[in-house]
Amino acid sequence: MLGLSNGVNTKKHFTLYDSRFTPPAQEGLWPGGSHPSRGKTMKYGAMNFPIKPLLREIEEIGEMGFDYVELTMDPPEATPQKMLGQKRAILEILHRYGMGIMGHLPTFVWTSDLYESLRKASLQENFEALEAASELGIEKVVLHPGFITGLGKFLLDKARGYAMNSLEAILKKAVNLNITLCIENMFPQAHFLSQPHEFQSVFEIFPEIRLTLDIGHANLGGGKNRSSEFIRLHGYRIGHVHANDNFGKEDSHLPIGAGIIDFEKIMKEIKETQYDETITLEVFSKDRDYLKISKEKIKKMWEAL
């Protein structure tokens with residue numbers, strides 16, 4: 001929860017992540033087999049829908065009993081400027097419900113685009129989001145790596161090089177603000193960082209980065225869910241988890257149990273890494289009862305392991 005003084009103090013009473021990081025002793029494991037979050041209690045969060053008024057979204061998440069909100073920093077209702085304009089009210093709501101807060105950097109920007117002007121504008125949006133996150137006391141954020149679209153699909157090496165340059169710039173900004181950056185595995189149509197083996201070079205080049213394991217994304221593109229391979233190779237890097245269901249064809253963000261994903265198996269594999277930080281339920285059904293039910297199902301699975 002957040003401790004407030006006159007509604008504006010952002011000092012946390014619990015931390016949503018553990019910033020200690022040491023290179024792994026072996027594949028998928030921390031030295032001695034211990035993940036940095038070992039001994040913590042799992043926190044369960046939900047996202048605001050950025051087309052809806054932000055304060056009401058946070059209130060609804062609090063009313064459903066979530067531990068934290070993952071603040072998606074997207075227009076029209078959750079731009080950095082609008083968030084900062086509502087800073088006092090946001091912190092008061094978090095305090096009222098005893099919730100923590102983390103962030104999700106802008107989703108629909110183009111950090112790998114062949115147009116330099118679009119890359120620069122996209123970077124600026126990420127920088128402004130990070131600055132707003134810091135003002136709100138956020139210590140951990142999720143980043144979508146660059147989508148490769150248009151003619152970039154014919155020049156993948158060049159587009160991926162631009163994406164890596166952008167990642168370096170965003171990471172540098174995050175580190176300067178003492179914010180941990182968790183990069184998310186994408187779906188295959190993004191043409192960048194959707195496969196477990198692609199992350200090895202990223203983690204070698206940028207040792208400060210952690211992984212947001214998106215279980216739904218790992219189920220897309222045909223074949224078996226890639227979550228198990230992500231956990232085997234990069235379990236020690238997991239800093240956050242996104243949980244939602246689908247049928248393997250579309251990123252449909254269904255309630256847990258409404259698709260084909262074997263969550264009990266994946267939760268067991270995650271727990272075996274001794275990860276115990278944050279899981280955001282990315283369930284976007286119109287009826288939010290399904291979001292609350294999904295939290296209860298995942299929590300019950302986790303606690304039964």
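R96 and E59 pair up in a salt bridge, with their closest N and O atoms 3.3 Å apart. This pair links distant parts of the chain, since R96 sits in helix α3 (residues 87-97) and E59 in helix α1, 37 residues apart. The model is a predicted one. R96 has a relative accessible area of 52%, and it counts as exposed because the cut-off for that label is over 50%.

E59 has another partner too: E59 forms a salt bridge with R56, where the closest N and O atoms are 3.2 Å apart. Here both residues belong to helix α1 (residues 54-63) and are three residues apart, or about one turn of the helix. R56, at 37% relative accessible area, is partly exposed. Zooming out a little, R56, E59 and R96 are part of a network of salt bridges that also takes in E57, E60, E63 and R288. Side chains of opposite charge can pair when their charged atoms come close. Altogether the structure holds 15 salt bridges.

Helix α3 turns up again in the salt bridge between E135 and K87, at 3.4 Å from N to O. E135 lies in helix α4 and K87 in helix α3, so this pair ties together parts 48 residues apart in sequence. E135 is partly exposed at 43% relative accessibility, and K87 is partly exposed as well, with 21%.

Now for the inside. Of the protein's 305 residues, 53% count as buried. In soluble globular proteins, nonpolar side chains tend to be buried together. The largest nonpolar core here has 69 residues, and L181 and I270 touch the most other members. Helix α5 gives the most to this core, with seven residues. Apart from it lies another core of five residues, including F147, M186, A190 and L220. Beyond its neighbours within four places in sequence, I270 is in contact with L213, I215, I231, V241, Y275 and W302.

Helix α5 itself has 21 residues and spans 30 Å from its first C-alpha to its last, close to the 30 Å expected. Its buried residues include A159, M164, L167 and I170, and among the elements covering the buried residues of α5 are α4 (116-135), β4, β5 (180-184) and α6 (199-205). Just after α5, N178 takes a positive phi of about 60 degrees.

Not every nonpolar side chain is tucked away, though. L114, L151, F154 and L155 form a nonpolar patch on the surface, with about 430 Å² of accessible area together. L155 sits in the loop between β4 (140-143) and α5 (156-176), and at 40% relative accessibility L155 is partly exposed.

Methods
Residues numbered from 1 in each chain as written. Predicted model: local features only at pLDDT ≥ 70, side-chain atom pairs only at ≥ 80, totals over all residues. Heavy atoms only, no water. Patch = residues over 30% accessible without salt bridge, like charges linked within 9 Å, V, L, I, M, F, W, Y side chains within 5 Å. Areas by Shrake-Rupley, 256 points an atom, 1.4 Å probe, with all protein chains shown as cover. Salt bridge = Lys/Arg side-chain N within 4 Å of Asp/Glu carboxyl O. Helix = DSSP H or I, 4+ residues; strand = E, 2+ residues; numbered from the N terminus. Buried < 20%, exposed > 50% of the residue type's maximum accessible area, 1.4 Å probe, protein only. Core = buried A, V, L, I, M, F, W, Y, C linked by side-chain atoms within 4.5 Å. Contact = heavy atoms within 4.5 Å. Expected span 1.5 Å × (residues − 1).
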